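Colleague: Got a minute to go through this one with me? I'd like to start with the domains.

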Amino acid sequence: MIRYEVEDEIIRKYAVVAPVDVKAIIRDIGLTYVERDMPPGESGYIEYDGWTCTIAVNANEGPQRKRFTAAHELGHFLMHRDLLRKQKHLDRLFDEAANRNTAAPLEYWHEVQANNFAARLLMPKQTVEQEIASGNNTIEGLARKFDVSRSAMEYRIKSLRLERQLADDPDRAPAEL
Ligand SMILES: [Zn+2]
């Protein structure tokens, strides 16, 4: 039985302790999570027919990518499921085709929304700030704590404008090479 909650409720309820267990959230609200042998470049997909919903991720990708993909697809379910009833939505999130990812009926901004949701779920603002305040103030350390890739954490830190609170500010030029 699918529970139709909104994205902010999901974040408030589940994104409390890092790392967030995305698979458990997907299953807890009544969706099916599977890992499938998919071609390189394909990250995952979501299928929803109005009654059941399956979120699939590429079994051949690394654990952090799988977590991000699963969170992205969960975002599509929470925000865009009515658009998904007609056809499954396939994502390429990490390769050079990522910005051409969009497949009708979804548009580019739906992908941006799904990525934003994934970032907010996996790296909640408050938890990231607390972690930095407690002394975990490098991209590497934060990425490990939240079980995300370094690039995902770097992007999140920039969008939260927390660069200056880090010991390894990604924008700071190296003093010497
Ligand atoms: Zn997508």
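Modeller: Sure. The domain assignment splits the chain into domain 1 (7-122) and domain 2 (124-166), with bounds that come from an automatic or database domain assignment. It's a predicted model, where local features need pLDDT of at least 70, side-chain atom pairs count only at pLDDT 80 or more, and totals for chains, interfaces and linings use all residues. Residues are numbered from 1 along each chain as its sequence is written.

Colleague: How far apart do the C-alpha centres of domain 1 and domain 2 lie?

Modeller: Those centres are 22 Å apart.

Colleague: And how many residues does the contact take from each domain?

Modeller: Eleven from domain 1 and nine from domain 2, where contact means C-beta atoms, placed from the backbone, within 7 Å.

Colleague: Which elements give two or more residues on the domain 1 side?

Modeller: α3 (63-80) and α4 (108-122); helices here are DSSP runs of H or I, at least four residues, numbered from the N terminus. α3 gives the most to that side, with four residues.

Colleague: Switching topic: where is Leu160 found?

Modeller: In the segment after α7 (150-159).

Colleague: Why does Leu160 count as partly exposed?

Modeller: Because Leu160 has 15 C-beta neighbours inside 10 Å; buried takes 20 or more other C-beta atoms within 10 Å, exposed 12 or fewer, and partly exposed is in between, with C-beta atoms placed from the backbone.

Colleague: What does Leu160 touch, leaving out residues up to four places away in sequence?

Modeller: Lys125 and Val128. As for Val57, its C-alpha is 27 Å from that of Leu160, and the two are 103 residues apart in sequence.

Terms used. Contact = placed C-beta atoms within 7 Å.
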